[in-house]
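This report is written to be read beside the sequence and the 3D view. Please keep both open while reading.

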Amino acid sequence: MGSAAAIIIGAGHAGLAVSRCLSDRSIDHLILERGEVANSWKTERWDSLRLLTPNWQSRLPGFGYQGNDPDGFRTMAETISFIEDYANLISAPVQTHTTVQDVSFADPGYKVKTDQGTWLCQTLVIASGACNKASVPSFAKYLPPSVQSLSSMQYRNPEQLEQGGVLVVGASATGTQIAHEVHQSGRPVVMAVGEHVRVPRVYRDRDIKWWMDAAGVLDERYDEVDNIVRARSVPSLQLIGSRERMTLDLNALRKIGVRFAGRLAGINGGKVQFSGAFKNICALADLKMGRLLDLIDEWALASGTNDEVPPPYRFAPTEVEDSPTLIMDLSEKNIRTVIWATGYLPDYSWLNVPVFGRKGRIRHDGGVVEAKGMYLMGLPFLRKRKSSLIDGAHDDATDLCDHLSAYLDEPSGNSSSEGVLCK
Ligand SMILES: Cc1cc2nc3c(=O)[nH]c(=O)nc-3n(C[C@H](O)[C@H](O)[C@H](O)COP(=O)(O)OP(=O)(O)OC[C@H]3O[C@@H](n4cnc5c(N)ncnc54)[C@H](O)[C@@H]3O)c2cc1C
């Protein structure tokens, strides 16, 4: 049985950032990875995906963008290389093809069982990803068998799809990007639109991510927001990373011929039902975009940036039909495929420690889990608004490794599993 002061589960960018910070503190550790470095990007994304964050905005501890296109958007191959290069640069101690199957309390620390053996560790960092499973509504099973049903994790490219119409469920980054690509392949697309976050790609000549970074929006802390539970469930921004720096909101998709309905509410006898709140949902997204742009404008004035960029302007409201579709017969509309772009969930089925709260979420305070010596990385708004982005790993890993290091230094803190749950 092997042992280490710290075990990190997952060799994505988050686990690697922690590894670098532990090495800086001379803390002996090991990363257990079920696949290879950057496994999620290698095996779980669609072919044409590019990061929606600009190249400059992937800053890991001791590593950043070194090319000559800082404002471009990485392809999957480039993203994988970036993460692999980082693992090599920091000489990350990764044990690949090792799947963690069970984690339980040991005395002291944790026992980590894998398909390649068992390890003991005083501290555990869970960096196994926030997007291990597609979150698909339970009523998806009522789709007629003649209709192909794919989650966004199963989708790779339009060639996979039947000829005919496609219903894309969900209008956040994943849904809008897939709807755009499928439409370009010549298949008619209908989108079921729930809550979404509308933003322009470029505002006042600067990328929206530049504004959000500069104005401090992405640095907002988890203990500064009014409702962190709500903040952690806000959908991803409606953005795409493209050479043209296109804005991919509902108006842009409507312009090329995509059609819309409200949130998908149910399926019955080959018919799908949509919520009637489509108009309100779009109005809310417009309102929130306006608030973000107001905040940016205020910051531009206060920071002196105002004089360097064009004056403020606003975007046309989202176009909505007066009577949006409420029921659609799939065969009548020749919908042959449904793609569920309804979000992602982490998978902690291997974690056998009583740290779960409502909806199977791990109870934690900014990544410090209630079980002593256990930490989380890479989840939405873990410690800052940017926590789930590659760019968020630096700050979170630094803070959590400080905590982990102090915990290891405690004279009795790591010596017994008794009373290991801290409130
Ligand atoms: C479609 C999509 C697009 C995104 N686009 C962007 C973007 O443009 N910019 C950006 O900054 N972020 C983006 N993100 C968010 C984020 O950067 C990714 O989700 C990223 O993969 C998360 O990194 P991570 O290291 O936390 O998790 P992952 O990269 O998922 O790494 C977790 C690792 O843990 C391993 N693992 C899981 N379970 C086990 C186990 N039981 N045993 C051993 N190993 C295990 C996995 O194989 C994986 O390698 C995107 C996310 C998605 C889903």
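The sections below treat aromatic rings, cysteines, a helix, strands and some backbone details in turn.

## Aromatic pairs

The model is predicted. It contains 14 aromatic pairs. A pair of aromatic rings is described by the distance of the centres and the angle of the planes. For F139 and W340, the ring centres are 6.3 Å apart and the planes meet at 65°, so this pair is edge-to-face. F139 belongs to the loop between β7 (133–134) and β8 (148–151), while W340 belongs to strand β19 (residues 335–340); the pair therefore ties together parts that are 201 residues apart in sequence. Both partners are shielded: F139 counts as buried at 18% relative accessibility because the limit for buried is under 20%, and W340 is buried with a relative accessible area of 1%.

Which arrangement do the rings of Y313 and F315 adopt? With centres 5.5 Å apart and planes at 65°, the pair is edge-to-face. Y313 is partly exposed at 34% relative accessibility, and F315 is also partly exposed, with a relative accessible area of 29%. These two residues belong to one aromatic cluster, together with Y203, W210, W211 and W299.

## Charges over rings

Aromatic rings also appear beside charged groups. The charged end of R206 is placed over the ring of W210, at 4.5 Å from the ring centre. W210 is itself a member of the aromatic cluster described above. In another part of the sequence, R45 has its charged end over the ring of W41, at 4.3 Å from the centre.

## Cysteines

A disulfide is a covalent bond between the sulfur atoms of two cysteines. How many disulfides does the structure hold? The number is zero. C401 is accordingly in no disulfide, and the nearest cysteine sulfur, belonging to C21, is 4.7 Å away. C401 is buried, at 1% relative accessibility, whereas C131 counts as partly exposed, at 31%.

## Helix α1

C21 leads to the next element, for it is one of the buried residues of α1. This helix covers residues 13–24, has 12 residues and extends 17 Å from its first C-alpha to its last, close to the 16 Å expected at 1.5 Å a residue. Nine of the 12 residues are buried, so α1 is largely enclosed by the rest of the structure. Among them are H13, A14, G15 and L16, as well as L22.

## Strands β4, β5 and β6

Strands of a sheet pair through backbone hydrogen bonds, either parallel or antiparallel. β4 and β5 run antiparallel and are joined by five bridges; in one of these, S104 has K111 of β5 as its partner. β5 also pairs with strand β6 (residues 117–126), again in the antiparallel sense and over five bridges. T114 has G117 of β6 as its bridge partner. The hairpin of β4 and β5 has four residues between the strands, and the hairpin of β5 and β6 has two.

In a regular strand the side chains alternate between the two faces of the sheet. Which residues of β5 point to one face and are buried? They are Y110, V112 and T114, while K111 and K113 point to the other face and are not buried.

## An open sheet of three strands

A further sheet is open and has three strands in the order β16-β17-β18, with antiparallel pairing. Its edge strands are β16 (264–268) and β18 (327–329), each of which pairs on one side only. From one strand to the next, the twist averages 20°. Strand β17 (residues 271–274) is joined to β18 by three bridges, and D329 in β18 is the bridge partner of K271.

## Backbone details in loops

The peptide bond from D107 to P108 is cis, with omega near 5°. P108 lies in the loop between β4 (100–105) and β5 (110–114). In the hairpin of these two strands, G109 takes a positive phi near 85°.

Positive phi values also occur in the loop between β12 (202–203) and β13 (206–207), where R204 is placed. R204, which is not a glycine, has phi near 50°. D205 is found in the loop between β12 and β13 as well, and its phi is positive at about 70° although it is not a glycine. Are these residues buried or exposed? R204 is buried, with a relative accessible area of 1%, whereas D205 is exposed, with 61%.

Conventions:
Residues numbered from 1 in each chain as written. Predicted model: local features only at pLDDT ≥ 70, side-chain atom pairs only at ≥ 80, totals over all residues. Heavy atoms only, no water. Phe/Tyr/Trp six-rings, centres within 6.5 Å; stacked < 30°, edge-to-face > 60°. Buried < 20%, exposed > 50% of the residue type's maximum accessible area, 1.4 Å probe, protein only. Lys NZ or Arg CZ within 6 Å of the ring centre and 35° of its normal. Disulfide = S-S within 2.5 Å. Pairing = 2+ DSSP bridges. Axes fitted to C-alpha atoms, helices over the stretch in contact; angles between N-to-C directions. Expected span 1.5 Å × (residues − 1).
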